[in-house]
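This report is for a reader who is new to the structure. Please look at the sequence and the fold before reading on.

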Amino acid sequence: MKEKKIFIIRHAKAEQHSFFKDDFKRELIQKGIDRAKRIAFTCTQVINISPETIVLSSTANRALQTATLFCETLGFPTDSILKTRALYEANYQDILKEINKVATTIDTVLLFGHNPGLSDLTNYLCNTDIDLNTSAVAMLVIEEGLNFSEVSGNTATLQQIIRE
(Lines give C-alpha, C1' and ligand atoms only; values in the text may rest on other atoms or scores of the structure.)
Protein backbone atom coordinates (compact mmCIF):
# COMPACT_ATOMS: atom_id res chain seq x y z
CA MET A 1 0.00 0.00 0.00
CA LYS A 2 1.33 3.41 -0.97
CA GLU A 3 2.03 5.93 1.79
CA LYS A 4 -0.96 8.22 2.38
CA LYS A 5 -0.44 11.91 3.11
CA ILE A 6 -2.56 14.87 4.10
CA PHE A 7 -1.38 18.41 3.48
CA ILE A 8 -3.33 20.73 5.78
CA ILE A 9 -3.13 24.25 4.39
CA ARG A 10 -4.46 27.35 6.12
CA HIS A 11 -5.77 30.04 3.79
CA ALA A 12 -3.51 32.98 2.99
CA LYS A 13 -3.68 36.42 4.63
CA ALA A 14 -7.03 38.04 3.91
CA GLU A 15 -8.81 41.34 4.38
CA GLN A 16 -9.53 42.38 7.94
CA HIS A 17 -12.90 41.53 9.45
CA SER A 18 -15.41 44.28 8.75
CA PHE A 19 -19.04 45.09 9.48
CA PHE A 20 -19.35 46.00 5.81
CA LYS A 21 -18.32 42.67 4.30
CA ASP A 22 -19.53 39.16 5.03
CA ASP A 23 -16.70 37.06 6.53
CA PHE A 24 -17.38 34.31 3.97
CA LYS A 25 -16.63 36.75 1.12
CA ARG A 26 -13.35 38.18 2.44
CA GLU A 27 -10.61 38.27 -0.25
CA LEU A 28 -6.88 37.64 -0.06
CA ILE A 29 -4.66 40.69 0.22
CA GLN A 30 -1.54 41.08 -1.94
CA LYS A 31 0.80 40.14 0.92
CA GLY A 32 -1.17 36.91 1.34
CA ILE A 33 -1.13 36.14 -2.38
CA ASP A 34 2.63 36.67 -2.59
CA ARG A 35 3.34 34.48 0.46
CA ALA A 36 1.00 31.72 -0.75
CA LYS A 37 2.78 31.64 -4.12
CA ARG A 38 6.20 31.36 -2.44
CA ILE A 39 5.06 28.60 -0.09
CA ALA A 40 3.30 26.75 -2.92
CA PHE A 41 6.54 26.87 -4.91
CA THR A 42 8.42 25.41 -1.92
CA CYS A 43 5.77 22.66 -1.78
CA THR A 44 6.65 21.53 -5.32
CA GLN A 45 9.60 19.76 -3.65
CA VAL A 46 7.34 17.58 -1.43
CA ILE A 47 3.93 17.37 -3.12
CA ASN A 48 3.68 15.07 -6.11
CA ILE A 49 0.42 15.59 -7.97
CA SER A 50 -0.94 12.36 -9.46
CA PRO A 51 -4.32 10.89 -10.45
CA GLU A 52 -4.51 9.69 -6.80
CA THR A 53 -4.44 13.29 -5.49
CA ILE A 54 -7.51 15.26 -4.44
CA VAL A 55 -7.92 18.84 -3.30
CA LEU A 56 -10.63 19.74 -0.80
CA SER A 57 -11.39 23.38 -0.07
CA SER A 58 -13.73 25.45 2.03
CA THR A 59 -16.03 27.47 -0.20
CA ALA A 60 -15.10 30.74 1.53
CA ASN A 61 -13.42 33.12 -0.95
CA ARG A 62 -10.06 33.27 0.85
CA ALA A 63 -9.73 29.49 1.07
CA LEU A 64 -10.72 28.93 -2.57
CA GLN A 65 -8.34 31.66 -3.72
CA THR A 66 -5.52 30.02 -1.74
CA ALA A 67 -6.38 26.58 -3.13
CA THR A 68 -6.36 28.00 -6.66
CA LEU A 69 -2.94 29.63 -6.19
CA PHE A 70 -1.47 26.38 -4.83
CA CYS A 71 -3.05 24.24 -7.55
CA GLU A 72 -1.78 26.51 -10.33
CA THR A 73 1.75 26.25 -8.91
CA LEU A 74 1.61 22.50 -8.25
CA GLY A 75 0.01 21.60 -11.58
CA PHE A 76 -3.34 20.38 -10.23
CA PRO A 77 -6.34 21.31 -12.41
CA THR A 78 -8.25 24.07 -10.62
CA ASP A 79 -11.57 22.88 -12.05
CA SER A 80 -11.05 19.62 -10.10
CA ILE A 81 -10.94 21.31 -6.68
CA LEU A 82 -13.66 19.73 -4.53
CA LYS A 83 -15.46 22.55 -2.76
CA THR A 84 -17.44 22.09 0.43
CA ARG A 85 -19.04 24.56 2.79
CA ALA A 86 -18.60 21.93 5.52
CA LEU A 87 -14.98 23.14 5.93
CA TYR A 88 -15.99 26.76 6.64
CA GLU A 89 -15.85 27.61 10.37
CA ALA A 90 -15.57 23.85 11.00
CA ASN A 91 -14.18 22.29 14.14
CA TYR A 92 -11.60 19.54 13.83
CA GLN A 93 -14.20 16.77 14.16
CA ASP A 94 -16.23 18.13 11.24
CA ILE A 95 -13.09 18.47 9.12
CA LEU A 96 -12.13 14.90 10.01
CA LYS A 97 -15.54 13.70 8.76
CA GLU A 98 -14.66 15.15 5.33
CA ILE A 99 -11.29 13.38 5.35
CA ASN A 100 -12.94 10.12 6.38
CA LYS A 101 -15.06 10.28 3.19
CA VAL A 102 -11.99 10.14 0.92
CA ALA A 103 -11.85 7.07 -1.31
CA THR A 104 -9.32 4.30 -0.68
CA THR A 105 -7.86 4.86 -4.16
CA ILE A 106 -6.57 8.30 -3.12
CA ASP A 107 -3.11 8.62 -1.58
CA THR A 108 -2.70 12.41 -1.23
CA VAL A 109 -5.17 14.98 0.13
CA LEU A 110 -4.61 18.72 0.02
CA LEU A 111 -7.03 20.35 2.45
CA PHE A 112 -7.63 24.12 2.44
CA GLY A 113 -9.49 25.77 5.28
CA HIS A 114 -9.46 27.89 8.40
CA ASN A 115 -8.20 28.09 11.95
CA PRO A 116 -8.69 27.11 14.67
CA GLY A 117 -10.10 23.94 13.06
CA LEU A 118 -7.01 23.11 10.98
CA SER A 119 -4.52 23.53 13.83
CA ASP A 120 -6.79 21.57 16.16
CA LEU A 121 -7.09 18.79 13.55
CA THR A 122 -3.31 18.59 13.10
CA ASN A 123 -2.83 18.42 16.86
CA TYR A 124 -5.52 15.74 17.23
CA LEU A 125 -4.20 13.54 14.42
CA CYS A 126 -0.52 13.88 15.35
CA ASN A 127 -0.57 14.49 19.11
CA THR A 128 1.27 17.79 18.63
CA ASP A 129 0.80 21.36 19.83
CA ILE A 130 1.08 23.67 16.85
CA ASP A 131 -0.72 26.76 15.59
CA LEU A 132 -0.71 27.15 11.80
CA ASN A 133 -0.21 30.69 10.59
CA THR A 134 -1.68 31.92 7.30
CA SER A 135 -0.47 29.98 4.22
CA ALA A 136 1.26 27.40 6.43
CA VAL A 137 1.27 23.78 5.27
CA ALA A 138 1.33 20.85 7.69
CA MET A 139 2.51 17.65 6.01
CA LEU A 140 1.05 14.58 7.71
CA VAL A 141 1.79 10.95 6.96
CA ILE A 142 -0.95 8.48 7.86
CA GLU A 143 -0.06 5.38 9.86
CA GLU A 144 0.91 2.51 7.56
CA GLY A 145 -1.99 0.30 6.53
CA LEU A 146 -4.73 2.86 7.24
CA ASN A 147 -7.11 4.39 4.71
CA PHE A 148 -8.50 7.90 5.06
CA SER A 149 -11.75 6.42 6.36
CA GLU A 150 -9.81 5.07 9.36
CA VAL A 151 -7.90 8.24 10.24
CA SER A 152 -8.57 9.40 13.81
CA GLY A 153 -6.71 10.68 16.85
CA ASN A 154 -2.97 9.94 16.91
CA THR A 155 -2.97 8.02 13.60
CA ALA A 156 -0.69 10.41 11.72
CA THR A 157 2.80 11.81 12.04
CA LEU A 158 3.64 15.45 11.43
CA GLN A 159 6.53 15.26 8.93
CA GLN A 160 7.09 18.98 8.54
CA ILE A 161 5.52 22.42 8.53
CA ILE A 162 6.20 24.58 5.52
CA ARG A 163 5.91 28.31 6.21
CA GLU A 164 7.84 31.52 6.06
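The text below covers the sheet, then helix 4 and its surroundings.

This is a predicted model, in which local features need pLDDT of at least 70, side-chain atom pairs count only at pLDDT 80 or more, and totals for chains, interfaces and linings use all residues. Residues are numbered from 1 along each chain as its sequence is written, and side-chain values use heavy atoms, with hydrogens and water left out.

Helices (H or I, at least four residues) and strands (E, at least two) are DSSP runs, numbered from the N terminus. An open sheet is formed by six strands in the order 3-2-4-1-5-6, with mixed pairing; two strands pair if DSSP finds at least two bridges between them. Strand 3 (82-84) and strand 6 are the edge strands, each pairing on one side only. Strand 1 and strand 4 run parallel and are joined by six bridges. I9 has F112 in strand 4 as its bridge partner.

Helix 4 (residues 117-126) has eight of its ten residues buried (under 20% relative accessible area, 1.4 Å probe, protein chains only), so helix 4 is largely enclosed by the rest of the structure. The buried residues are G117, L118, S119, L121, T122, N123, L125 and C126. The elements in the table are among those that cover them, where contact means heavy atoms within 4.5 Å.

| Covering element | Residues |
|---|---|
| Strand 1 | residues 5-10 |
| Helix 3 | residues 92-100 |
| Strand 4 | residues 108-113 |
| Strand 5 | residues 137-142 |
| Strand 6 | residues 156-162 |

Just after helix 4, N127 takes a positive phi of about 55 degrees.

Note on methods. Buried < 20%, exposed > 50% of the residue type's maximum accessible area, 1.4 Å probe, protein only.
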